Amino acid sequence: MHCPPGTPIADCPTGAPAIRVLAMPADTNPAGDIFGGWLLSQMDIAGATVAVERSGGRVVTIAVEGMSFLKPVHVGDLVSFYAAIEKVGRTSIRVRIDAWAKRGRTGTEERVTEGVYTYVAIDESRKSRPIPAR
């Protein structure tokens, strides 16, 4: 698990690293900060990687809840997304995702966004399917 030096364990990312992305100028809102929709989509990709692996196949996003934008993300920040499965149901998977930014200018790392996404496993006909037991 990744945790910046000196950070209490309770303030560290939950889950495993899922993806890392560099925030680029094309991803900004009119105020010059990284657009919240960009963060949401990156979190969805990160959560889906975990859900696909656990379900053994295709998934679709059915819910986003508990989103918190804690701090802005800036151009040049390296954003790491950590994902942890919270619950596996018969056809659904609930994933907690934390986003941490390594600030481009200072190198400091801090949690910027967190949320919970729910995915449903689907088959080739796009119908829900059972998730295999482990």
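Before you click on anything, one cut-off helps: a residue is called buried under 20% relative accessible area, exposed over 50%, and partly exposed in between. Keep in mind, too, that this is a predicted model.

**Stop 1: the whole chain**

Start with a cartoon view of everything. You should find 1 helix and 5 strands, and walking from the N terminus the order is β-α-β-β-β-β. The radius of gyration is 16 Å, close to the 14 Å that the globule rule gives for 134 residues, so the chain is as compact as a globular protein of that length. Turn the C-alpha trace along its principal axes and it spans about 45 × 35 × 20 Å. Of the 134 residues, 40% are buried.

Now switch on the contacts. Among those with a separation of 6 or more, 67% join residues 24 or more positions apart.

**Stop 2: Glu 110 and its partners**

Select Glu 110, which sits in strand 5 (residues 109-121). Show Lys 71 as well: the two form a salt bridge, with their closest N and O atoms 2.8 Å apart. Lys 71 lies in the loop between strand 2 (59-69) and strand 3 (78-88), so you are looking at a link between distant parts of the chain, 39 residues apart. Glu 110 has 22% relative accessibility, so it counts as partly exposed. Lys 71, at 38%, is partly exposed too.

Next, add Arg 103. This residue also forms a salt bridge with Glu 110, again with 2.8 Å between the closest N and O atoms. Is Arg 103 buried or exposed? With a relative accessible area of 10%, Arg 103 is buried.

Add Asp 77 to the selection and you have a network of salt bridges linking Lys 71, Asp 77, Arg 103 and Glu 110.

**Stop 3: Glu 114 and Arg 111**

Select Glu 114 and Arg 111, whose side chains meet in a salt bridge of 3.1 Å, N to O. Glu 114 is buried at 17% relative accessible area, and Arg 111 is buried at 16%. The count for the model comes to 8 salt bridges.

**Stop 4: Arg 126**

Move on to the segment after strand 5, where you will find Arg 126. What is its phi like? Arg 126 has a positive phi of about 65°, although it is not a glycine. Its relative accessibility is 59%, so Arg 126 counts as exposed.

**Last stop: surface and charge**

Finish with a surface view. The chain exposes about 7200 Å², with carbon and sulfur atoms supplying 55% of that. Colour by charge and you get 16 positive and 14 negative side chains, the centres of the two sets lying 5 Å apart.

Key:
Residues are numbered from 1 along each chain as its sequence is written. This is a predicted model: local features need pLDDT of at least 70, side-chain atom pairs count only at pLDDT 80 or more; totals for chains, interfaces and linings use all residues. Side-chain values use heavy atoms; hydrogens and water are left out. A salt bridge is a side-chain nitrogen of Lys or Arg within 4 Å of a carboxyl oxygen of Asp or Glu. Helices (H or I, at least four residues) and strands (E, at least two) are DSSP runs, numbered from the N terminus. Buried means under 20% relative accessible area, exposed over 50%, partly exposed in between (1.4 Å probe, protein chains only). The radius of gyration is taken over C-alpha atoms; the globule rule is 2.2 Å times the number of residues to the power 0.38. Contact means heavy atoms within 4.5 Å. Accessible areas come from the Shrake-Rupley method with a 1.4 Å probe; for residues, only the protein chains shown count as cover. Lys and Arg count as positive and Asp and Glu as negative; His and the chain ends are not counted. The place of a charge is taken as NZ of Lys, CZ of Arg, CG of Asp or CD of Glu.
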